[in-house]
Amino acid sequence: MIDPENQNIVLKTEDLSIGYRTKKDLNVIAADINLKFYEGELIGLVGANGIGKSTLLRTLSRVQPALHGKILLSEKELVTYKSIDLASQLSIVLTEQIASKNLTVQELVALGRQPYTNWVGKMSEEDIEKVKKAIEVTHISDLVAKRCFELSDGQLQKVLIARAIAQDTPFVMLDEPTTHLDIYHKAYIFKLLKRLAFETKKTILFSTHEIDFAIQLCDKMIVMNRDGFEFGRPKELVQARAFSGLFPEDLILFDNKSGRYKVRN
């Protein structure tokens, strides 16, 4: 893992509060969120369903406004970015279906260069090289001629990650990237994200329900619970019993010695 003390802070939050604002009231999901994400880190976001993981991701990506506090991306307040400038700093991989599965893999990955191409969408030599590099580092060269409807869920997920890499932003955010994948392909995607963070020096944040895998591979983790959140290295969070209270213990227990969840007998 890269020593964060010698790296740049890519994203920072200051006294951030997230939730929803209505005409009559505020629904605060989490408050006093102070985070620092460094260059080259892989960061997992975990917690029970409905705890606010998606709300945090939407707020950090400016899809919805913060209730309070600041978010700084590359030392600039998130709210001050123009949309086109934000697209050169932040790329997002969502779980929703892509608009057209009739695109080839090559065409879909090339869409990552849209923030940089001119108004007619003509790619420069640099754009072409970025797409080529993204295809190489995600190991999808054998898929480039296929159309997206021909891909398995695991293959499509790799292609969407390649598109985000082609976008060439310092910060990449993924919402549950291993949904609908079998255990082998879940592990493959996690290892891919780990390698990309190390090789490309990009900061990668993803939400996941695969807590055991995240503990093994992430540099840092955010654990959201009913009382707020905890943030740190996985080993530190295990020692602090951050994972023990995430779920009702009538069915599963977190074993702090092994760092894994076990079914209660």
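Here are four short exercises with worked solutions on the predicted model above.

Before you start: residues are numbered from 1 along each chain as its sequence is written, and side-chain values use heavy atoms, with hydrogens and water left out. Local features need pLDDT of at least 70 and side-chain atom pairs count only at pLDDT 80 or more, while totals for chains, interfaces and linings use all residues.

**Exercise 1.** Work out which strands β5 pairs with, and in what sense.

*Solution.* Start with the terms: strands (E, at least two residues) and helices (H or I, at least four) are DSSP runs, numbered from the N terminus. Two strands pair if DSSP finds at least two bridges between them. Now take β5 (residues 68-73): five bridges join it to β1 (residues 9-21), and the two run antiparallel. One spot to check is His68 in β5, the bridge partner of Ser17. Next, β5 also pairs antiparallel with β6 (residues 76-77), over two bridges. There, Leu72 sits opposite Glu77. Finally, look at the turn: two residues lie between the strands of this hairpin, and Ser74 takes a positive phi near 50 degrees.

**Exercise 2.** Find how many disulfides the structure has, then check Cys148 and Cys218 for burial.

*Solution.* A disulfide is a pair of cysteine sulfur atoms within 2.5 Å. Searching the whole structure turns up zero. For burial, under 20% relative accessible area is buried, over 50% is exposed, and in between is partly exposed (1.4 Å probe, protein chains only). Cys148 comes in at 2%, so call it buried. Cys218, at 8%, is buried too.

**Exercise 3.** Describe the salt bridge between Asp127 and Arg113.

*Solution.* A salt bridge needs a side-chain nitrogen of Lys or Arg within 4 Å of a carboxyl oxygen of Asp or Glu. The whole structure has ten. In this one, the closest N and O atoms are 2.9 Å apart. Asp127 is in helix α4 (residues 125-137) and Arg113 in the loop between α3 (105-110) and α4, 14 residues apart. Asp127 is buried at 3%, and Arg113, at 3%, is buried as well.

**Exercise 4.** Trace the salt bridges of Lys202 and Lys194.

*Solution.* Lys202 reaches Asp168, with the closest N and O atoms 2.8 Å apart. These residues lie 34 apart in the chain. Lys202 is buried at 6%, whereas Asp168 is partly exposed at 29%. Add Lys130, and you have a salt-bridge network with Asp168 and Lys202. Lys194 pairs with Asp219 at 3.1 Å between the closest N and O atoms. Lys194 lies in helix α6 and Asp219 in the loop between α7 (211-217) and β10 (220-225), so the pair ties together parts 25 residues apart in sequence.
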